[in-house]
Every structure is written in structure tokens, then in C-alpha cells.
Amino acid sequence: MEKLLKVVSENDILPEYRRTPVGQLLEYHNLNRPFDTYDKAQLLIGMCMDNRKHLHIPDNFAFIIRSGGANLRYSEFKVSYAIGVGKVGHIALIGHNNCGMVNLVSRKNEFIDGLVASAGWDRDRAEEHFFHFAPMFEIGSETDFILSETKRLRLRYPKILIAPLFYLVDDNRLYFIKE
Ligand SMILES: [Zn+2]
């Protein structure tokens with residue numbers, strides 16, 4: 001985790017994100033900044049669906065898209081909606097350690113057996129489902145994926161400020177990923 005930059009004081013917030021909604025997110029979550037009142041979303045947060053993560057942020061502060069690995073490749077219309085209609089100018093992409101979307105193939109049998117046992121699927125259909133979708137949702141490495149997804153989104157939405165962040169499930173704190 002040598003790529004992670006700690007945020008334990010306002011000075012740790014990278015200059016380009018200070019006094020922006022990304023900086024505020026870090027202040028609320030990591031630094032216990034008292035909550036301000038919002039009547040509209042200030043930013044879009046993309047984060048994993050994983051149950052171990054909970055953000056400490058005010059009501060109305062953010063749109064949040066949760067998907068495996070914080071992968072927004074298949075949520076683009078929702079990203080565009082948050083920008084076009086929701087008028088947000090910032091995106092925080094939040095990966096986390098021990099993400100289930102890394103090395104999906106190691107959980108192939110569990111995935112297939114679970115669908116057969118719990119959902120009533122037949123084995124062939126469950127296998128086909130896994131092999132069709134696993135390559136689309138595999139992220140490889142939690143930090144590298146967030147950095148590549150950040151680059152992709154910056155090209156796609158050039159006027160939006162996009163920050164690659166990381167949630168360490170061991171201490172429940174947010175970090176910058178060093179670019
Ligand atoms: Zn995850």
C-alpha cells in the first residue's frame with residue numbers, strides 16, 4: 001500500500017483538491033469536520049458495493065454510484081446524468097483493499113455453486129453467466145484499476161475534476177492514491 005497518501009490534517013489534502021468538494025469529502029470523513037447543510041449534491045462518488053465501507057458525510061452532499069470495484073464503465077449514463085442534470089463538477093473514485101472484484105476466477109466455483117444452491121439456477125447457465133461477465137468486472141489490482149479508471153473518465157469528461165481515492169477497510173479512512 002505504498003501508493004497511498006494519508007490524510008490526517010488539512011495540509012495532507014493535495015493542493016488541487018483543497019476547497020473543492022473532494023477536499024470536503026476528506027475533511028468530513030477523515031478529519032471530522034462539522035457537517036454543513038446542503039440542498040443539492042456537490043460531487044459524484046463512485047465506490048464499491050462492498051459492505052465493509054460506510055462514508056461519514058452530510059445528507060445531500062453526494063450522488064453515490066456503488067458497483068463492484070468502483071467500476072463505472074457500465075454506469076456511464078448515470079455519471080453523465082450526475083454531471084448534466086445534477087450539475088456536479090467533481091468525481092471521487094474510491095477503491096478499497098481486499099476487493100472481491102480482484103481475481104474473480106479464484107471464486108468461480110463458489111460463484112457457480114452458490115447460484116445453483118441459492119438462486120435455483122442450473123449449472124450450465126451459472127457457468128455461462130460467470131464466463132461471460134467475469135472478464136468485464138475483473139479489476140486486476142485495486143489501486144491500478146482506480147488510476148486507470150480515473151484517466152479514462154478524465155478523457156471522457158475533460159472539465160470534471162476527478163480524484164483517485166482509496167478506502168482502507170482496516171482503519172476505515174480515505175487515502176489519496178499517488179499518481
Ligand atoms: Zn470491492
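Guide: A residue counts as buried when its relative accessible area is under 20%, as exposed when that area is over 50%, and as partly exposed in between. The model we are reading is predicted. Arg156, with a relative accessible area of 52%, is therefore exposed.

Visitor: With which residue does Arg156 form a salt bridge, and is that partner buried or exposed?

Guide: The partner of Arg156 is Glu76, and the closest N and O atoms of the pair are 2.5 Å apart. Because Arg156 belongs to helix 5 and Glu76 to helix 2, this salt bridge ties together parts that lie 80 residues apart in sequence. Glu76 has a relative accessible area of 18% and is therefore buried, whereas Arg156 is exposed.

Visitor: How many salt bridges does the structure hold, and what does the salt bridge between Arg154 and Glu179 tie together?

Guide: There are 9 salt bridges in the structure. In one of them the side chains of Arg154 and Glu179 meet, at 2.8 Å from N to O. Arg154 lies in helix 5 and Glu179 in the segment after strand 6, so this pair links parts that are 25 residues apart in sequence. Arg154 is partly exposed, at 29% relative accessibility, while Glu179, at 58%, counts as exposed. Salt bridges can also share partners, and in this way Glu76, Glu149, Arg152 and Arg156 are joined into one network. Another salt bridge is formed by Arg33 with Asp36, whose closest N and O atoms are 2.8 Å apart; here Arg33 is partly exposed at 24%, and Asp36 is partly exposed at 33%.

Visitor: Glu76 brings us to helix 2, so to speak. Which residues of helix 2 are buried, and how do they lie when seen down the axis of the helix?

Guide: The general idea is that an α-helix has 3.6 residues a turn, so residues three or four places apart point the same way. In helix 2, which spans residues 76-84, the buried residues are Glu76, Val79, Ala82 and Ile83. Seen down the helix axis, these buried residues fall within an arc of 120 degrees, so they line one face of helix 2. What they pack against is strand 2, strand 3, strand 4 and helix 5.

Visitor: Several strands appear in that list. In what order do the strands of the sheet stand, and which are the edge strands?

Guide: To read a sheet, one follows the pairing from strand to strand. Here 6 strands make an open sheet with mixed pairing, in the order 1-6-5-4-2-3. The edge strands are strand 1 and strand 3, each of which pairs on one side only. At the strand 1 end, strand 1 and strand 6 run antiparallel and are paired over 2 bridges, with Leu4 having Ile177 as its bridge partner and Leu5 standing opposite Phe176. Strand 6 is in turn joined to strand 5 by 4 bridges, again in the antiparallel sense, and Leu168 stands opposite Arg173. Between strand 5 and strand 6 the hairpin has 4 residues, and Asn172 takes a positive phi near 55 degrees. Since 4 of the 5 residues of strand 6 are buried, strand 6 is largely enclosed by the rest of the structure.

Visitor: How many residues of strand 4 are buried, and how does strand 4 pair with strand 2 and with strand 5?

Guide: In strand 4, residues 90-96, 7 of the 7 residues are buried. Both faces of strand 4 are covered, with His90, Ala92, Ile94 and His96 on one side and Ile91, Leu93 and Gly95 on the other. Strand 4 pairs with strand 2 in the parallel sense over 4 bridges, and Leu44 stands opposite Ile91. Strand 4 also runs parallel to strand 5, to which 7 bridges join it; there Ile94 stands opposite Leu165.

Visitor: Where is Ile13 found, and is Ile13 buried or exposed?

Guide: Ile13 is in the loop between strand 1 and helix 1. With a relative accessible area of 2%, Ile13 is buried. Among the residues that Ile13 touches, not counting those up to four places away in sequence, are Val7, Leu26 and Phe176.

Visitor: Which residues make the nonpolar surface patch?

Guide: Tyr74, Phe133 and Phe137 make this patch, which covers about 260 Å². Phe137 lies in helix 4, residues 123-137, and is partly exposed, with a relative accessible area of 31%.

Technical notes: Residues are numbered from 1 along each chain as its sequence is written. This is a predicted model: local features need pLDDT of at least 70, side-chain atom pairs count only at pLDDT 80 or more; totals for chains, interfaces and linings use all residues. Side-chain values use heavy atoms; hydrogens and water are left out. Patches are made of residues with over 30% relative accessible area and no salt bridge: like charges are joined within 9 Å, nonpolar side chains (Val, Leu, Ile, Met, Phe, Trp, Tyr) within 5 Å. Accessible areas come from the Shrake-Rupley method with a 1.4 Å probe; for residues, only the protein chains shown count as cover. A salt bridge is a side-chain nitrogen of Lys or Arg within 4 Å of a carboxyl oxygen of Asp or Glu. Buried means under 20% relative accessible area, exposed over 50%, partly exposed in between (1.4 Å probe, protein chains only). Two strands pair if DSSP finds at least two bridges between them. The arc is that of the directions from the helix axis to the C-beta atoms. Contact means heavy atoms within 4.5 Å.
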